[in-house]
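The following exercises practise the reading of a protein model. Each task is followed by a solution that proceeds step by step.

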Amino acid sequence: MSTATVETAEPREDRASRRRPIPGSPWGTRLLPVAGVASVLLLWELVVRVGLVNATYFPPVSTVVPALVGLVGDPALWADVGLTLQGWAVGLLIAVVVGVALGMICGLSTPVFHALRPIIEFLRPIPSVALIPLAIIAFGAGMESKVFLAAFASTWPILVQAMYGIRDLDPTQFAVMRSYRVSWSSAVFRVLVPSAVPYIATGVRISSSIALALVVSSELIIGSPGLGQAMNIARAAGAVEQLFALIIVAGCLGWALNAVMLRGERRLLRWHPSHREVVL
Amino acid sequence: MSNRWRFLELLVPTLVVATLWFLSLRSTIFYVPTGPDVVGAFSDAWLFDRIGSDLVPSFLRLVAGLAIGVSLGVVVGFVFGLSPRVAAAYHPVVEFARSVPAPAVLPVLVLMFGIGTVSQVALIAFGTLWPVLISTKDGVRSVDPLLVETSRSFGVSRATTVRSVIAPAATPQIVAGLRTALSLGIILMVISEMVGSSNGVGYFVIQSQRQFDMPGMWAGIVILGLIGYLLNLAFGLVERRVLAWHHGARAVAS
């Protein structure tokens, strides 16, 4: 049991750091981040201009930004983004269905938990990218490979979280359900699922970035169409500005997905104590 | 855990492995080789021919990348944790950098450093830096202010406070970040070897696949699974030892 970690602390930390005021700088919360970003961009430009890194491999910001603007106006980019997102969404969906179902069964039944635990504990740490060659042989270089890899990798966090969500249920709740002879369907949908949702939501958020990383990796390695493949093409063509612009796009995509997940989690769990605003 | 459960935990995996073994004997699917073939390929490659030529280089790159990523992450994380202004200034940059799927920077690293150890180590370092940085920052920030203020009112110097009060209190969170970094590091190690390398376990797996050597590919997948499993196990043991005081304190408190 002790080998698994439950990762529920993250959203609270995020919230705490956002709310904490910065001492002695009333304008700081607005201006400091701008200054921070500007300083990093300036440093990037300087490092290249001074010649610390070779500009043929590491272009200055001033040339990457036009490339990025050009890229954003190009429908081809959005087609690639769409393909990447499609792999992410289908993979994550499969992971949610499998992970939640298995996790809840393991959480509810002690025999099943003990029967599946060694298998799960063995499969979970397998670096999912190790399955890339298998995916190529079994599914070819298309969407199926991406989806398989993303689903495999992102099932585990959801499964573990769902399991702990159920196992952390107050035993009194089970006792009350039993004494009131609550039917199985309402026990599942009115007590078990709502109690486990905060845990599952955290699992889904963790899995979302895992799924994206796996999709981009398989595009890079297998060459299935999407952002990763576009990066490979840019690299092969020596279009470094394009390559950097694509990495920025991938970063923005990752950031946006995470923001959407956080927001969805907060909205979905408005009723839950960990997300309720404290009223003093 | 009662004996009944322990029995179940041994029985079920044994049954599963046995079933797969016997099913595989009659396999007609090209990419599912028979169990004996995989065992044969495994012992040919990994007992112990390729340990020195592939496993050791993989492991050394992982260690080097983790060492760089983790030490950078801890140092910068402490700076961010101790100074809310610096943290606020660089928050967007860190948020962006950690959102970049780490394998995406591999093409750039390959262009800059060529195919080889340097770009592989750099990829592992880049990928593991962010989770460690963020968990260190959060750990340092969530230290009970009472502890810090107490040590200040006793006239303890800032350096000593950081070393003997803040660092130990932040350790559990930092360790949680290290755990993420470890599994991420293994993944990045494999990816970097699949894209550009002339040795390593990841290279062996993708090469076997390209030569349609299915038993070899499966043997490679098995050894990667074992690496992941054993490193996680080892991490758990070290963690329990390093954080024994923390678990002890929590057990007393609850």
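## Exercise 1: The interface

The area buried between chain B and chain A is about 5100 Å², and carbon and sulfur atoms give 76% of it. The model is a predicted one.

**Task.** Determine which residues of chain B lose the most area to chain A, and describe the side of chain B that touches chain A.

**Solution.**

Step 1. Glu9(B), Arg85(B) and Leu111(B) lose the most area to chain A, and together they account for 12% of what the side of chain B buries.

Step 2. Counted by residues, 56 residues of chain B are in contact with 61 residues of chain A.

Step 3. Between the two chains the count is 1 salt bridge. Its partners are the side chains of Glu9(B) and Arg117(A), at 2.9 Å from N to O. Glu9(B) was already named in Step 1 among the residues that lose the most area.

Step 4. The interface also has 3 residue pairs in polar contact. Several helices of chain B give two or more residues to this side, including helix 1 (3-25), helix 6 (117-141) and helix 8 (158-195).

Step 5. Sorted by class, the side of chain B that touches chain A has 41 nonpolar, 7 polar and 8 charged residues.

## Exercise 2: The nonpolar cores

**Task.** State which residues touch the most other members of the largest nonpolar core, and which helix gives the largest share of this core.

**Solution.**

Step 1. The largest nonpolar core has 109 residues. Those that touch the most other members are Ile132(A), Leu227(A), Met231(A), Leu246(A), Trp46(B) and Leu224(B).

Step 2. Helix 9 (residues 184-222) of chain A gives the largest share of this core, with 15 residues.

Step 3. Consider Trp46(B) in detail. When residues up to four places away in sequence are not counted, the residues that Trp46(B) touches include Ile51(B), Leu55(B), Val201(B), Phe204(B) and Ile223(B).

Step 4. A second core, separate from the one above, has 8 residues, among them Phe80(B), Ala87(B), Ala97(B) and Ile134(B).

Step 5. A general tendency may be recalled here: in soluble globular proteins, nonpolar side chains tend to be buried together.

## Exercise 3: Salt bridges within a chain

**Task.** The structure holds 8 salt bridges over all chains. For the three pairs below, state how far apart the partners are in sequence and whether each partner is buried or partly exposed.

**Solution.**

Step 1. The side chains of Arg205(A) and Glu265(A) form a salt bridge at 2.6 Å, N to O. This pair links distant parts of the chain, with Arg205(A) in helix 9 and Glu265(A) in helix 11 (residues 240-268) of chain A, 60 residues apart. Both Arg205(A) and Glu265(A) are buried.

Step 2. In chain B, the side chains of Arg61(B) and Glu193(B) form a salt bridge at 3.0 Å, N to O. Arg61(B) belongs to helix 3 (residues 49-82) and Glu193(B) to helix 8 of chain B, and 132 residues separate them. Arg61(B) and Glu193(B) are both buried.

Step 3. The side chains of Glu95(B) and Arg98(B) form a salt bridge at 3.4 Å, N to O. Both residues lie in helix 4 of chain B, 3 residues apart, which is about one turn of the helix.

Step 4. Glu95(B) counts as buried because its relative accessibility is 15%. Arg98(B) has a relative accessible area of 27% and is therefore partly exposed.

## Exercise 4: An exposed arginine

**Task.** Locate Arg49(A) in chain A, and explain why Arg49(A) counts as exposed.

**Solution.**

Step 1. Chain A comes to 11 helices and 0 strands. Arg49(A) lies in helix 2 (residues 28-50) of this chain.

Step 2. Exposed means over 50% relative accessible area. Arg49(A) counts as exposed because its relative accessibility is 58%.

Step 3. Not counting residues up to four places away in sequence, Arg49(A) touches Pro60(A) and Ser62(A). A polar contact of 3.0 Å joins the side chains of Arg49(A) and Ser62(A).

Step 4. Arg49(A) and Pro59(A) are 10 residues apart in sequence, and their C-alpha atoms are 9.3 Å apart in space.

Step 5. For the chain as a whole, buried residues make up 46% of the 280 residues in chain A.

Note on methods. Residues are numbered from 1 along each chain as its sequence is written. Chains are lettered from A and ligands numbered from 1 in the order in which they are written. This is a predicted model: local features need pLDDT of at least 70, side-chain atom pairs count only at pLDDT 80 or more; totals for chains, interfaces and linings use all residues. Side-chain values use heavy atoms; hydrogens and water are left out. Contact means heavy atoms within 4.5 Å. Buried area is the accessible area (1.4 Å probe) that two parts lose on being put together, summed over both. A salt bridge is a side-chain nitrogen of Lys or Arg within 4 Å of a carboxyl oxygen of Asp or Glu. A polar contact is a pair of N or O atoms within 3.5 Å; within protein, one must be able to donate a hydrogen and the other to accept it, and residues adjacent in sequence count only if both atoms are side-chain atoms. Helices (H or I, at least four residues) and strands (E, at least two) are DSSP runs, numbered from the N terminus. Ala, Val, Leu, Ile, Met, Phe, Trp, Tyr, Cys and Pro count as nonpolar, Asp, Glu, Lys and Arg as charged, and the others, Gly among them, as polar. A nonpolar core is a set of buried Ala, Val, Leu, Ile, Met, Phe, Trp, Tyr and Cys residues joined through side-chain atoms within 4.5 Å. Buried means under 20% relative accessible area, exposed over 50%, partly exposed in between (1.4 Å probe, protein chains only).
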